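Me: I am new to this structure and would like to learn how to read its features one at a time. Could you take me through them, giving the general idea before each case?

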Amino acid sequence: MMTNSITQNALRALLYEVVTQPKPGLVDPLSQGPHPDMNIYTFIDSSLSLEHYFSEAVEIGQTFQSTDLTQMFQQLRQQGILAEKEMYTATKGINTHKGAIFSLGIFVCAESYSKKNQTEIFTTIKRMCHGLVEHDLISHNKLQTAGEKEYQQYGTGGARQQAEQGYPIISDIALPFLKNSSGSLQVRLLDTLMKIATITVDSNLIKRAGNYDAVKWLQKRALRYLELGGYDSPLGKKELLKLNQECLEKNYSLGGCADLLIVTIFLGLEKGYIV
């Protein structure tokens, strides 16, 4: 059944991401990374708490009738608010998946709508998120989230800008990279994460570093890792372990990159690139 498979692949994407290791600046089975308040079990509990949300996202996509897909996004957003409460209950107040609730929720809803209406998923997302930066970041007077503050300070639109543009990082770079990658699933996902890191402006990283320079630093390091051959090569593996240690020492989080990896995995599962 379509509903079940999309929801299942959303949960698989969350779990595949968290068990992949070693991930610089992120929680994995061997390390809490720069997140002393959470571990892999927190992420498993959080992932399972979101099953109802993804089912609702599928339902919204399947049943939405209007041509104005921004209304579909608003319906999804209301469910996302409830999903955040479910997440916080499951994790005892720890923010594990707030970014994924936003991004993966969009992809799940858009995939459901696109399958029902024979449309292209990235076009659907653009239509859903039209005007999002203007609505959330420009017209917003009270700056609350890290993303909102960074938009004012650096002009970076973060997750909202990616959504409004239809996630070109995923469609043009991350998904083709995953499709053409080789090796074990661990290797493929680590390499895809680092490919994402070569181009992403990660708002989590900016927040932790307190400056924009850390983005350029990460992009340069991720590029070097891939040039060395990725995780399947001894030099690439050594480089990733070194980056992992530096992220720990600097207290850097790559949460934005992780969210993009999650949606890339989701689409990889949907399209059969991961079997």
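The dialogue below goes from confidence to helix packing, and then to single residues.

Me: What should I know about the model before I start, and what is its mean pLDDT?

Reply: This is a predicted model, in which local features need pLDDT of at least 70 and side-chain atom pairs count only at pLDDT 80 or more, while totals for chains, interfaces and linings use all residues. Residues are numbered from 1 along each chain as its sequence is written, and side-chain values use heavy atoms, with hydrogens and water left out. The term pLDDT is the predictor's confidence in each residue, from 0 to 100. The mean pLDDT of this protein is 92, and 91% of its residues reach 70 or more.

Me: Over which residues does pLDDT stay under 50?

Reply: Where pLDDT is low, the predicted coordinates should not be read in detail. Here, that applies to residues 150–155, over which pLDDT stays under 50. The model has 15 contacts beyond four places in sequence for this stretch, where contact means heavy atoms within 4.5 Å.

Me: How should I read two helices that pack, and at what angle do H10 and H15 pack?

Reply: Two packed helices are described by the angle between their axes and the distance between the axes. Helices (H or I, at least four residues) are DSSP runs, as are strands (E, at least two), and they are numbered from the N terminus. Axes are lines fitted to C-alpha atoms, for helices over the stretch in contact, and angles run from 0 to 180 degrees between N-to-C directions. Helix H10 (residues 168–180) packs on helix H15 (residues 255–271) at an angle of about 65 degrees, with the axes 10 Å apart. On the H10 side, the residues that meet H15 are Ile169, Ile170, Ala174, Leu175 and Leu178, and their partners in H15 are Leu260, Val263, Thr264, Leu267, Gly268 and Lys271. By class, this contact of H10 with H15 has 8 nonpolar, 2 polar and 1 charged residues; Ala, Val, Leu, Ile, Met, Phe, Trp, Tyr, Cys and Pro count as nonpolar, Asp, Glu, Lys and Arg as charged, and the others, Gly among them, as polar.

Me: Which residues make the contact between H2 and H4?

Reply: The axes of helix H2 (residues 40–49) and helix H4 (residues 69–91) cross at roughly 145 degrees and come within 8 Å. H2 contributes Thr42, Asp45, Ser46 and Ser49 to the contact, and H4 contributes Glu86, Met87, Ala90 and Thr91. By class, the contact of H2 with H4 has 2 nonpolar, 4 polar and 2 charged residues.

Me: Is Ser49 buried or exposed, and what does its side chain reach?

Reply: Buried means under 20% relative accessible area, exposed over 50%, and partly exposed in between (1.4 Å probe, protein chains only). Ser49, which is found in helix H2, has a relative accessible area of 17% and is therefore buried. A polar contact is a pair of N or O atoms within 3.5 Å; within protein, one must be able to donate a hydrogen and the other to accept it, and residues adjacent in sequence count only if both atoms are side-chain atoms. In this case, a polar atom of the side chain of Ser49 lies 2.6 Å from the backbone oxygen of Ser46.

Me: Where is Ser233, and which backbone oxygens does its side chain reach?

Reply: Ser233 is in the loop between helix H13 (213–227) and helix H14 (234–250), and it counts as buried because its relative accessibility is 15%. Its side chain reaches the backbone oxygen of Leu228 at 2.7 Å and the backbone oxygen of Gly230 at 3.1 Å.

Me: What does Asn251 touch?

Reply: Asn251 has its place in the loop between H14 and H15, and it is partly exposed, with a relative accessible area of 38%. Not counting residues up to four places away in sequence, Asn251 touches Pro34 and Arg208, and a polar contact of 2.9 Å joins the side chains of Asn251 and Arg208.

Me: Which residue has a positive phi of about 60 degrees, and which peptide bond is cis?

Reply: Lys92 has that positive phi of about 60 degrees although it is not a glycine; Lys92 is found in the loop between H4 and H5 and counts as exposed at 77% relative accessibility. The cis peptide bond joins Gln21 and Pro22, with omega about 0 degrees.
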